[in-house]
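Open the model in your viewer and keep the selection tool handy. We'll start in the middle and work our way outwards.

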Amino acid sequence: MVQKINLQLNKRQVFLIGFLFITLLFTGCTSSIIDSNIGIANRRWTYRNHILAPFEIKDNTKAYNIYFKLRHTADYKYANIFILAHFKDGKKMVTRRYQYKLAKNDGEWLGSGSGNVFSYTLPMLTNYHFPHNGKFEIEIEQNMRDNPLLEVSDVGVLVDLAQ
């Protein structure tokens, strides 16, 4: 009887240690500083609806990649998108305009599709070194002629360690 109880305790301990190991393995492998997706209400992205992504850099000696994330429906009527990205470090702001191609010339979407929604992770800055440690913010606004820009479902920012 005592051996049976000890055997059950050992199985529980092995299971618990295995579960903790797998959890640490998956949580320890993420290199993302921020990975945001902000839903756009009614798929109508207006000029005033700026997407804010605050984050903190703890080691500015490392290189980082910064990506613009976009999801739109198949009814999005353009083959590209223009955005303005405002990079803020608390002291100054730098604004850059980006154009991204979203479809081939024949109209086939370049993003990965899931039903009627297409997703993109598009580079803004690669192997970028932040000027100092601390808090930063990236603000994204749409810069197309249409206001609102229809059929955009989500917008976000991904900042991760460069490999």
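Start by selecting W45, F68, I81, M124 and I140: of the 36 residues in the largest nonpolar core, these touch the most other members. A nonpolar core here is a set of buried Ala, Val, Leu, Ile, Met, Phe, Trp, Tyr and Cys residues joined through side-chain atoms within 4.5 Å. Buried means under 20% relative accessible area, exposed means over 50%, and partly exposed is in between, with a 1.4 Å probe and protein chains only.

Now colour the strands that feed this core. At least two residues each come from β4 (51–57), β5 (64–73), β6 (80–88), β7 (93–101), β9 (117–128), β10 (134–142) and β12 (152–161). The top contributor is β9, which gives five residues. Helices (H or I, at least four residues) and strands (E, at least two) are DSSP runs, numbered from the N terminus.

A word on what you're looking at. This is a predicted model with residues numbered from 1 along each chain as its sequence is written. Local features need pLDDT of at least 70 and side-chain atom pairs count only at pLDDT 80 or more, while totals for chains, interfaces and linings use all residues, and side-chain values use heavy atoms, with hydrogens and water left out.

**Stop 1: I140 and its surroundings**

Which residues does I140 contact, leaving aside its neighbours within four places in sequence? Select W45, N49, H50, I51, F68, I83, L84, A85, M124, V155 and V157. Contact means heavy atoms within 4.5 Å. Across the chain, 76% of the contacts with a separation of 6 or more are between residues 24 or more positions apart.

**Stop 2: zoom out**

Switch to cartoon. You should find one helix and 12 strands, with the helix at the N-terminal end of the order and the strands following. Of the 163 residues, 37% are buried. Turn on the surface and the chain exposes about 10,500 Å², of which carbon and sulfur atoms supply 55%; the areas come from the Shrake-Rupley method with a 1.4 Å probe, and for residues only the protein chains shown count as cover.

**Stop 3: the open sheet**

Select β4, β10, β6 and β7, and you have an open sheet in that order with antiparallel pairing. The edges are β4 and β7, each of which pairs on one side only. Neighbouring strands here are turned by 25° against each other on average, direction ignored; the axes are lines fitted to C-alpha atoms, for helices over the stretch in contact, and angles run from 0 to 180 degrees between N-to-C directions. Two strands pair if DSSP finds at least two bridges between them. Between β4 and β10 there are seven bridges; to see one of the partnerships, pick E56 and look across to K135 in β10.

**Stop 4: β12 and its partners**

Next, β12, where nine of its 10 residues are buried. Add β5, which pairs with β12 in the antiparallel sense over nine bridges; N65 has D160 as its bridge partner. Then add β1 (residues 32–35), antiparallel to β12 over three bridges, with S32 also standing opposite D160. Finally, β2 is joined to β12 by two bridges, again antiparallel, and G39 has D154 as its partner.

**Stop 5: the aromatic cluster**

Show F55, Y64, Y128, F130 and F136 as sticks: they form one aromatic cluster. The chain has 10 aromatic pairs, where rings of Phe, Tyr and Trp (its six-membered ring) pair if their centres lie within 6.5 Å, and planes under 30 degrees apart count as stacked, over 60 as edge-to-face and the rest as tilted. What is the geometry of F55 and F130? Their ring centres are 5.7 Å apart and their planes sit at 70°, so the pair is edge-to-face. F55 is in strand β4 and F130 in the loop between β9 and β10, 75 residues apart. F55 is buried at 7% relative accessibility, and F130 at 6%. F130 also pairs with F136, with centres 4.7 Å apart and planes at 55°, so this one is tilted.

**Stop 6: backbone oddities**

Most residues other than glycine have a negative phi, and most peptide bonds are trans. Now select N147 and P148, which are joined by a cis peptide bond with omega about 10°; P148 lies in the loop between β10 and β11 (149–150). Move to N42, with a positive phi near 55°, in the loop between β2 (38–39) and β3 (44–45). N42 is exposed, at 66% relative accessible area. Last is E151, whose phi is positive at about 70°. E151 sits in the loop between β11 and β12 and counts as buried, at 17% relative accessibility.
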